[in-house]
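Biologist: Got a minute to walk me through this one? I'd like to go over a few spots with you.

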Amino acid sequence: ALPGNLSLIVEWSHDEARYDASQWRRMVRAAQANNALLPVAPGAALAGLGGTANFVSVDGSLRDYLFARLGKKVGRVEYSLRGVYSPQDKGLLAIAQVVADVNTRVSVDVALTHAFSDSQSEYRMVGLGTRIDAAVRVRF
């Protein structure tokens, strides 16, 4: 923890097995070509799914990611800003979040997520844009 009840986490992830920038662009073009076939030749589009089946992974598809999180706890409320950036597609996913503890068992969580990237970024390819999430958590 930093002074003033601040916390900061910064991580860099690199995996040679994932897509570099040119490989990512090839995959995006293949996915876009496949999507263009759907209305005119659904059979051909389905046949093309094999080439893009492992296109996106829950662990990330790109070679490099920079993650940063800045948080501040004020009483029973924690405010945080998180960001994930990849130089391969220039995609940035930003999340502003507030978590308030109502008591020792219940908390309320509100988050605003926005993908600052173009249509060929990993985040936009999986349909992320802007969204608001809210949750009530009950701990047993």
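Biologist: Where does Val110 lie?
Modeller: Val110 sits in strand S5. Keep in mind that this is a predicted model.

Biologist: Okay, and is Val110 buried or partly exposed?
Modeller: Val110 is partly exposed, because its relative accessibility is 39% and the buried class stops under 20%.

Biologist: Which nonpolar patch residues go with Val110 on the surface?
Modeller: The patch joins Val110 with Val102, Val108, Leu112, Ile132, Val136, Val138 and Phe140. Together they have about 810 Å² of accessible area.

Biologist: Which strands supply at least two residues of that patch each?
Modeller: Those are strand S5, residues 106-116, and strand S6, residues 130-138.

Biologist: Switching topic: which residues gather in the patch of positive charge?
Modeller: Arg25, Arg26, Arg29 and Lys90, on the surface. Arg25 is part of helix H1, which covers residues 21-37. Arg25 is partly exposed, at a relative accessible area of 42%.

Biologist: Now Tyr65, buried or exposed?
Modeller: Tyr65 counts as buried because its relative accessibility is 10%, and the cut-off is under 20%. Tyr65 belongs to strand S2, residues 64-74.

Biologist: What does the side chain of Tyr65 reach?
Modeller: One partner is the backbone nitrogen of Ser61, at 2.9 Å. The Tyr65 side chain also reaches the backbone nitrogen of Leu62, at 3.0 Å.

Biologist: And how many residues apart in sequence are Tyr65 and Gly83?
Modeller: Tyr65 and Gly83 are 18 residues apart in sequence, with 10.0 Å between their C-alpha atoms.

Conventions. Residues are numbered from 1 along each chain as its sequence is written. This is a predicted model: local features need pLDDT of at least 70, side-chain atom pairs count only at pLDDT 80 or more; totals for chains, interfaces and linings use all residues. Side-chain values use heavy atoms; hydrogens and water are left out. Patches are made of residues with over 30% relative accessible area and no salt bridge: like charges are joined within 9 Å, nonpolar side chains (Val, Leu, Ile, Met, Phe, Trp, Tyr) within 5 Å. Accessible areas come from the Shrake-Rupley method with a 1.4 Å probe; for residues, only the protein chains shown count as cover. A salt bridge is a side-chain nitrogen of Lys or Arg within 4 Å of a carboxyl oxygen of Asp or Glu. Lys and Arg count as positive and Asp and Glu as negative; His and the chain ends are not counted. The place of a charge is taken as NZ of Lys, CZ of Arg, CG of Asp or CD of Glu. Helices (H or I, at least four residues) and strands (E, at least two) are DSSP runs, numbered from the N terminus. Buried means under 20% relative accessible area, exposed over 50%, partly exposed in between (1.4 Å probe, protein chains only). A polar contact is a pair of N or O atoms within 3.5 Å; within protein, one must be able to donate a hydrogen and the other to accept it, and residues adjacent in sequence count only if both atoms are side-chain atoms.
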